Amino acid sequence: MYLEYWGLEKYPFENVPDPDFMYYSQEHEEALVRLVYAAKRSKGAALLTGEVGCGKTTLSKVFIQKLSEDNYDIGLMTNPSLGPSDFLREILYQLGLSPDTNSKADFLAILNKRLLENMKQDKATLLIIDEAQLIFRQTFEEIRLLLNFQLNNRFLLTLLLIGQPELRDIIKDIKQLDQRIAIRYHLNPLNFEQTVRYIVFRLKKAGLKRSIFTKQAVAEVFNYSQGIPRNINNICDMSLLIGFSSKTKVIDSNIIKDVIKDLS
Ligand SMILES: Nc1ncnc2c1ncn2[C@@H]1O[C@H](COP(=O)(O)OP(=O)(O)O)[C@@H](O)[C@H]1O
Ligand SMILES: [Mg+2]
């Protein structure tokens with residue numbers, strides 16, 4: 001709607017986990033380095049936590065993109081609230097397998113076979129589970145057992161658990177799984193400086209050649225969003241719309257205040 005008015009090629013503040021729009025704060029960069037390390041070194045299990053809207057899912061997409069250049073067999077599960085057996089079946093589906101059996105033992109055998117095949121072809125198998133705080137307790141037990149798939153002391157499967165902050169406590173309670181987590185990272189919201197850069201970065205990515213948010217406007221965005229990218233996107237998108245409909249030249253703090261009033 002407002003693209004032409006602002007001289008944009010794309011919508012800059014879409015709430016979709018698009019790797020092309022990935023802004024690397026120091027934290028996002030560090031998280032990515034750790035995840036890649038966990039995958040490349042077959043570390044067993046890694047844990048990425050963070051508040052809702054901080055960029056975990058987006059980061060997982062970047063991570064997958066980065067790895068698929070090399071030899072990785074990657075399964076991504078985004079809806080993990082399943083019982084143990086359905087969970088194993090879902091893993092197989094996500095790895096591109098469709099078992100014609102209903103037995104859990106068969107699922108495990110099929111998975112084991114796949115892991116060994118991959119290893120023979122010098123491929124690492126990676127299972128990414130997003131929203132892992134939703135995993136049922138009995139299913140966590142199954143996950144822990146998956147890490148027993150090893151050969152000559154090497155993990156055949158790298159597991160990446162991604163979830164909201166409470167995931168840390170859930171896992172802490174499952175001692176044997178907790179001990180297996182070799183890599184951890186917690187993503188915090190952006191600070192003020194990072195929020196400024198985030199907004200500029202996304203506008204630029206979308207084709208904007210000048211700055212349209214005043215300093216005070218960005219300060220208001222930061223205060224209200226608390227540095228959470230998803231909130232920043234919502235506020236900035238609405239403010240571009242309102243700026244367009246009222247034909248302003250820049251987005252100032254008054255526009256942001258209006259948007260915030262509407263959102264809350
Ligand atoms: N580092 C980032 N760079 C660019 N956009 C981001 C970043 N982090 C979050 N976002 C944006 O915020 C939205 C919410 O992020 P998301 O990855 O879904 O968060 P989470 O999975 O932690 O709840 C995404 O759709 C994306 O547009
Ligand atoms: Mg997410």
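Here are three short exercises on this structure, which is a predicted model.

**Exercise 1: Get an overview**

Work out what the protein chain is built from and how much room its C-alpha atoms take up.

*Solution.* Start by counting elements: the protein chain has twelve helices and seven strands. Next, put a box around the C-alpha atoms along the principal axes, and you get roughly 65 × 35 × 30 Å. Then check burial. A residue counts as buried if 20 or more other C-beta atoms lie within 10 Å of its own. Of the 264 residues in the protein chain, 36% are buried. Last, take the contacts with a separation of 6 or more: 74% of them come from residues 24 or more positions apart.

**Exercise 2: Lay out the sheet**

In what order do the five strands of the open sheet sit, and which are the edge strands?

*Solution.* Reading across the sheet, you go 2-3-6-1-7, and the pairing is parallel. Now look at the ends: strand 2 (72-77) and strand 7 (181-187) each pair on one side only, which makes them the edge strands. On average, neighbouring strands here are turned by 15° against each other, if you ignore direction.

**Exercise 3: Zoom in on strand 7**

Find what joins strand 7 to strand 1, then see which strands helix 2 touches.

*Solution.* Strand 1 (residues 45-50) runs parallel to strand 7, and six bridges join the two. For a concrete spot, find Gly-50: it stands opposite Leu-187 in strand 7. Now bring in helix 2 (residues 26-40), which packs on the sheet. Helix 2 touches strand 1, strand 2, strand 3 (124-129), strand 6 (157-163) and strand 7. Finally, compare directions: helix 2 makes about 165° with strand 7.

Notes: Residues are numbered from 1 along each chain as its sequence is written. Chains are lettered from A and ligands numbered from 1 in the order in which they are written. This is a predicted model: local features need pLDDT of at least 70, side-chain atom pairs count only at pLDDT 80 or more; totals for chains, interfaces and linings use all residues. Two strands pair if DSSP finds at least two bridges between them. Helices (H or I, at least four residues) and strands (E, at least two) are DSSP runs, numbered from the N terminus. Axes are lines fitted to C-alpha atoms, for helices over the stretch in contact, and angles run from 0 to 180 degrees between N-to-C directions. Two residues are in contact if their C-beta atoms, placed from the backbone, lie within 7 Å. A residue is buried if 20 or more other C-beta atoms lie within 10 Å of its own, exposed if 12 or fewer, and partly exposed in between; C-beta atoms are placed from the backbone.
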